[in-house]
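Got your viewer open? Here's a walk through this one, stop by stop, with something to select each time.

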Amino acid sequence: MNFSLTMSPSDLLLLLPEILLTVWLCGILIVDFSFPRLPNEQLAYLSIAGLAATLGCLVWFDVTGITGTLFANMFVLDRMALYFKMFIVGSTILVILASVDYIHRFRFFRGEYYFLIVMSALGMMFMASANDLLSVFVTLEFSTFGFYVLVAYLREDMASNEAGIKFFILGVFAAGLLAYGISLVYGETGKLVFSDMKSAQATPGLAIGFLLIFGALGFKIGAVPFHSWIPDTYHGSPTPVTAYLSIAPKGAAFAILLRMFFVALATFKPIWVLLLVAASIMSMTYGNIVAIAQKNMKRLLAYSGIAQIGNVLIGLAAGTKMGNDAILFYLLTYLFANLGAFAIIIAVSEAIGSEEIDDYSGLGRRSPFLAFSMLVFLLSLAGVPPLAGFIGKIYIFVAAMKEGLYVLITVGLVNIVISMYYYLIVVKKMYISEPHDPSPITVSGPIKAVLYVCLAGTLVIGIYPQPFADWVVSATMMFSGLADPAVSLPIPPAATPIGG
Amino acid sequence: MGDYALLYILFAPFVGAIALIFVSNRQAMLVRGIAAGSAFICLLASLYLFYAYDHVKGGFQFVQKFEWSRQLGISLHLGVDGIGTPLVLASGILLFAGIFVSWHVKDRAKEFYIWLLILAAATIGVFMSLDLFFLYFFYEMSVIPMYLLLGMWGSHTKKYNEMTDPEGLKQRDSVGFIFNFGSNSKEYAAMKLVLFLSAFAVAAFMGILLIYKYSGLNTFDILILREHANLMNIPVLGTTLDKIIWLLIFFGFASIAPLWPLHSWSPVGHAAAPAATSMLHAGVLMKLGHFSIIRVAFEILPETTRELMPIAAVLCMFSIVYGGFVAYYAKDTKYVIGYSSSSHMGYVFLGMAALDYISLTGAVMYMFAHAMATGMLFAMAGWVYDQTHTRDIPSLGGLSNRMPFISGCFVIGCMASIGVPGTINFIAEVMIIVGSWNKYPFQVIVAVVGIVLTLAYLFKMMRGLFYGPMDQKYSHARDAVSAVDRLPLLIMITVSIGFFFFPMHLYNVVRSGVDPLIAKITRVVPVASETTGLRLEARGDNNTALADRSVPFDSAPVSGGRP
């Protein structure tokens with residue numbers, strides 16, 4: 001391997017969003033140190049301004065079609081990387097908005113909170129561009145580093161500390177798996193860049209190596225059997241961090257999974273499809289069944305998140321371009337619904353200091369807006385029309401159906417019904433049960449803004465998905481070689497029956 | 001209006017629901033006014049649709065098509081044929097009547113109307129969808145409003161279960177008690193309804209996905225699929241694919257119908273629901289099942305339908321007899337009407353199973369007729385409950401002194417439900433019985449027994465509610481005096497009786513939808529060597545089928561009945 005760092009200024013342009021955010025990140029830290037009396041809100045809005053500038057830069061790249069690779073293919077900026085970067089930056093903005101009020105719970109280091117959040121975002125942006133096993137390792141650890149601190153941010157809260165320890169130990173374990181897997185793969189193939197591995201021979205070492213890498217990424221996305229950290233960590237972390245943890249790292253990890261499976265391992269598709277089918281069935285079933293027994297909102301969403309990831313894995317198991325489109329689409333719908341639900345948890349726990357489902361009794365009377373928003377988000381997660389989650393699920397099922405994954409789809413459909421039960425239990429508490437304490441709940445401005453954005457996203461994608469579908473289709477153009485031969489309308493079908 | 005009639009019908013309730021979000025609950029009259037206004041637009045447009053539907057031309061009319069998702073091959077494709085048109089009209093009438101029936105809702109009235117309008121609009125959406133995806137979309141969309149309507153405004157609370165009658169016995173209904181694990185609270189009913197319907201809806205959706213995949217056309221459009229999808233003779237799991245798809249679709253949609261072994265969510269749901277919701281639920285929501293089976297299974301898999309429809313002929317007997325007997329022994333007014341509805345839906349299945357021009361026309365007309373009859377009965381059961389706060393028949397009685405108008409209407413409602421001459425139900429029932437006699441004589445005998453049972457339990461309930469001695473604690477009960485309270489009942493009675501005297505337009509419209517379907521199903525095509533050419537020939541034969549109409553009620557004027 002020879003690295004040549006001959007970079008022209010135009011190459012640096014590809015790194016512009018990251019460079020911009022890095023500079024801004026340092027700026028946040030400097031401002032925090034220089035003006036200790038600055039109200040926290042100002043710092044939050046400062047971070048949001050930087051993220052918004054980055055987002056604008058990404059949109060500009062996406063519109064003008066600026067793409068390319070850097071550092072001997074280690075860093076790739078294609079439409080999919082841009083999509084996931086926008087996904088990450090967008091979710092970071094919403095999370096920071098949602099934490100403006102929550103931040104008063106921290107007695108120390110309020111400024112550093114924003115620094116850490118934006119730093120994780122930066123790491124995840126690099127993850128979305130990682131095209132090489134080394135950069136996968138470095139960026140993955142870079143992004144997780146910030147989360148180790150963030151999860152344990154409530155210093156006096158035992159649950160938060162426990163969450164931090166659990167997350168740290170299991171996270172480091174996953175990092176070990178990843179490093180071991182990478183070394184095995186490198187030993188077998190002598191290559192690190194995904195696109196160079198296309199011609200690799202199937203050897204036991206390679207298989208074990210990629211299984212270990214999949215394990216480490218499975219830890220990031222929280223798929224069964226790598227999910228054990230999720231419930232306690234989600235429960236104990238500060239709620240905005242939980243919200244962040246439940247969205248952004250999953251998106252970034254899926255960027256890597258897509259590149260790994262469809263670029264490096266494209267020739268072994270029949271084997272890894274079985275692996276993904278198994279992981280998907282286990283995640284959906286385990287997540288949904290255990291969620292039924294939950295008494296705490298954050299734990300409920302943790303288990304429902306495991307089940308949702310099982311749904312996304314259906315799209316990955318389809319192994320086609322359409323499956324990849326469906327993944328990107330589904331993650332977008334999941335972003336709005338899940339972040340919205342967590343924003344409501346933040347608002348409610350600000351008002352009544354509890355996250356138990358029982359304390360949501362009568363929310364429909366105490367705050368009709370919060371209850372209605374929660375209803376929309378939960379039903380979107382459950383997949384009820386006309387909300388975004390429904391279209392996402394249909395997209396994934398159609399993609400899998402085209403590949404004939406009948407068992408997987410059947411399990412997925414049964415799981416929709418199971419998930420309906422526990423989401424409706426919350427709805428029942430909010431609307432049917434009488435409140436323990438009828439005093440109305442007020443919602444602060446930033447949370448309202450988050451809720452409006454998430455509501456708009458959930459409803460607009462659900463009612464008119466075409467532009468978003470077009471967007472994800474163009475984002476995964478690099479996989480168009482996988483696309484099954486296009487069928488145009490309305491030609492009569494071919495004489496031979498498909499499949500069997 | 002004109003070509004856009006379907007959009008008015010579908011979107012008027014949605015727009016009304018959205019407008020209601022911005023109104024405060026304190027402005028009660030404004031809330032009701034918006035709800036009634038949007039329902040009225042919907043009703044007017046559906047009346048226009050019904051009378052503007054050209055039954056000579058037949059086929060799908062008022063077609064609207066908007067591309068919705070290129071990648072998935074989905075378009076918002078709306079259109080009605082002779083089967084959808086009367087059901088859209090029934091939904092429009094019941095929604096309008098339902099708004100007035102629930103005029104006195106005090107608690108969160110705005111939210112009540114929002115969910116009621118969404119429920120009705122989603123139901124109407126199914127009746128006009130020509131795209132499998134949107135059929136499922138609207139079908140699923142109608143379930144969640146039911147949950148909230150039952151849960152938030154339902155009447156069957158846990159407290160109700162604790163109440164005792166004068167002899168110290170629990171007032172819970174024995175039947176509902178046994179089949180629902182001792183719990184028939186409204187929360188239980190709502191959850192059971194949602195889970196039951198979702199579970200079977202995903203089975204139907206699996207069937208839809210299989211159609212989508214094996215047709216290989218990358219479209220959900222029913223019109224394209226019914227012409228080009230070749231789903232026959234694909235061996236799978238020891239049988240053929242079309243049979244599996246058909247069974248998934250049939251049982252998936254039959255659960256909402258509700259066919260006998262899949263019915264148990266329905267009476268509990270009726271019992272828990274507020275009056276207007278019960279009306280929509282029994283009146284049109286249950287017809288989604290029959291309608292979707294006709295629209296999906298009959299249209300896309302005609303040969304399989306011919307082969308497997310006897311399943312419905314067997315199960316409908318159990319529906320009729322079982323529902324009838326349980327209704328006879330039930331002590332709760334809404335359970336009686338609920339089980340009677342599920343029994344009467346057996347007639348529709350019988351009419352569908354016979355696959356005969358007359359019987360299927362009768363089945364569709366019966367759906368329309370039953371919507372009116374059961375709508376009346378539920379509206380009046382709701383009124384009695386509002387006045388007396390009990391639905392326990394043994395503890396009620398003699399109410400005709402207190403509410404002569406309601407008891408008079410109740411007699412008419414019972415007559416309509418039984419199918420006494422003078423109501424459209426009579427025509428529909430006779431057509432089902434005559435049409436299926438050749439094919440299923442035994443089932444017809446069972447159906448006649450079912451009519452006798454209907455007579456028995458409805459008269460028993462009527463006597464229990466309105467005649468005999470009255471408990472003095474109900475002496476405060478009021479009659480429906482104001483125009484607002486009388487209007488919904490009068491509308492439904494007028495429609496029910498009016499169509500008896502002027503059934504011709506309804507008959508013609510339904511017949512124009514039924515004829516091509518039955519012609520396609522009953523025509524024996526050599527399945528193995530089937531080509532597009534043969535199919536075209538099969539469609540060509542529809543004209544002859546249209547010509548040989550045997551019209552049983554040719555005495556009525558063609559102008560049709562105007563209520």
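Before the first stop, a word on helix names: helices are DSSP runs of H or I with at least four residues, numbered from the N terminus. With that in hand, select P225(A), which sits in the loop between α8 (204-221) and α9 (230-236) of chain A. The model you're looking at is predicted.

**Stop 1: two cis peptide bonds in chain A**

Stay on P225(A) and look at the bond leading into it from V224(A): this peptide bond is cis, with omega near 10°. Now jump to P386(A), in the loop between α16 and α17 of chain A. The peptide bond from P385(A) to P386(A) is cis as well, and omega there is near 0°.

**Stop 2: helix α6 of chain A**

Select residues 133-151 of chain A, which make up helix α6. How far apart should its ends be? With 19 residues at 1.5 Å each, the expected span is 27 Å, and the end C-alpha atoms are indeed 27 Å apart, so the two agree.

Just ahead of the helix, show the side chain of D132(A). It caps the N-terminal end of α6(A), with a side-chain oxygen 2.7 Å from the backbone nitrogen of L134(A).

Next, colour the buried residues of α6(A); among them are L133(A), V136(A), L140(A), F147(A), Y148(A) and V151(A). What covers them? The cover includes α5 (110-129), α7 (158-189), α8, α9, α10 (239-245) and α11 (248-264) of chain A. Two of these, α8 and α9, are the helices on either side of the loop that holds P225(A).

**Stop 3: where the chains meet**

Zoom out and show both chains. Here, 46 residues of chain A are in contact with 43 residues of chain B. Between them the chains bury about 4400 Å², with 74% of that on carbon and sulfur atoms.

For polar detail, select R365(A) and D107(B): their side chains meet in a salt bridge, 3.2 Å from N to O. The count between the two chains is two salt bridges. There are also 12 residue pairs in polar contact across the interface.

Which helices supply the chain A side? Select α16 (368-382), α17 (388-402), α18 (406-431), α19 (445-463) and α20 (466-475) of chain A: each gives at least two residues to the side that touches chain B. Of these, α18(A) gives the most, with 12 residues. By class, this side of chain A has 37 nonpolar, five polar and four charged residues.

**Stop 4: α19 of chain A and the segment after α20**

Keep α19(A) selected. Its 19 residues should span 27 Å at 1.5 Å a residue, and its end C-alpha atoms are 27 Å apart, in agreement. Buried residues in this helix include P446(A), V450(A), C454(A), G457(A) and I461(A).

Now go past α20 of chain A to T476(A), in the segment that follows that helix. Is T476(A) buried or exposed? Its relative accessible area is 0%, so T476(A) counts as buried. Leaving aside residues up to four places away in sequence, T476(A) touches K321(A), N324(A), D325(A) and L328(A).

**Stop 5: chain B overall**

Switch to chain B, which has 25 helices and four strands. Of its 563 residues, 68% are buried. Among its contacts between residues at least 6 apart in sequence, 81% join residues at least 24 apart.

**Stop 6: positive phi in chain B**

Select F62(B), in strand β1 (residues 61-69). F62(B) has a positive phi of about 55° although it is not a glycine. F62(B) is buried, with a relative accessible area of 12%.

Then try R108(B), in the loop between α3 (84-101) and α4 (109-128) of chain B. Phi of R108(B) is positive too, near 50°, and the residue is buried at a relative accessible area of 9%.

**Last stop: helix α19 of chain B**

Select residues 404-418 of chain B. This is helix α19, whose 15 residues should span 21 Å; the end C-alpha atoms are 21 Å apart, which agrees. Its buried residues include F405(B), C409(B), F410(B), C414(B) and I418(B). Among the elements covering them are α17 (333-353), α18 (357-388) and α21 (441-466) of chain B. Finish just after the helix at G419(B), which takes a positive phi of about 95°.

How values were computed
Residues are numbered from 1 along each chain as its sequence is written. Chains are lettered from A and ligands numbered from 1 in the order in which they are written. This is a predicted model: local features need pLDDT of at least 70, side-chain atom pairs count only at pLDDT 80 or more; totals for chains, interfaces and linings use all residues. Side-chain values use heavy atoms; hydrogens and water are left out. Contact means heavy atoms within 4.5 Å. Buried area is the accessible area (1.4 Å probe) that two parts lose on being put together, summed over both. A salt bridge is a side-chain nitrogen of Lys or Arg within 4 Å of a carboxyl oxygen of Asp or Glu. A polar contact is a pair of N or O atoms within 3.5 Å; within protein, one must be able to donate a hydrogen and the other to accept it, and residues adjacent in sequence count only if both atoms are side-chain atoms. Ala, Val, Leu, Ile, Met, Phe, Trp, Tyr, Cys and Pro count as nonpolar, Asp, Glu, Lys and Arg as charged, and the others, Gly among them, as polar. The expected span of a helix is 1.5 Å times one less than its number of residues. Buried means under 20% relative accessible area, exposed over 50%, partly exposed in between (1.4 Å probe, protein chains only).
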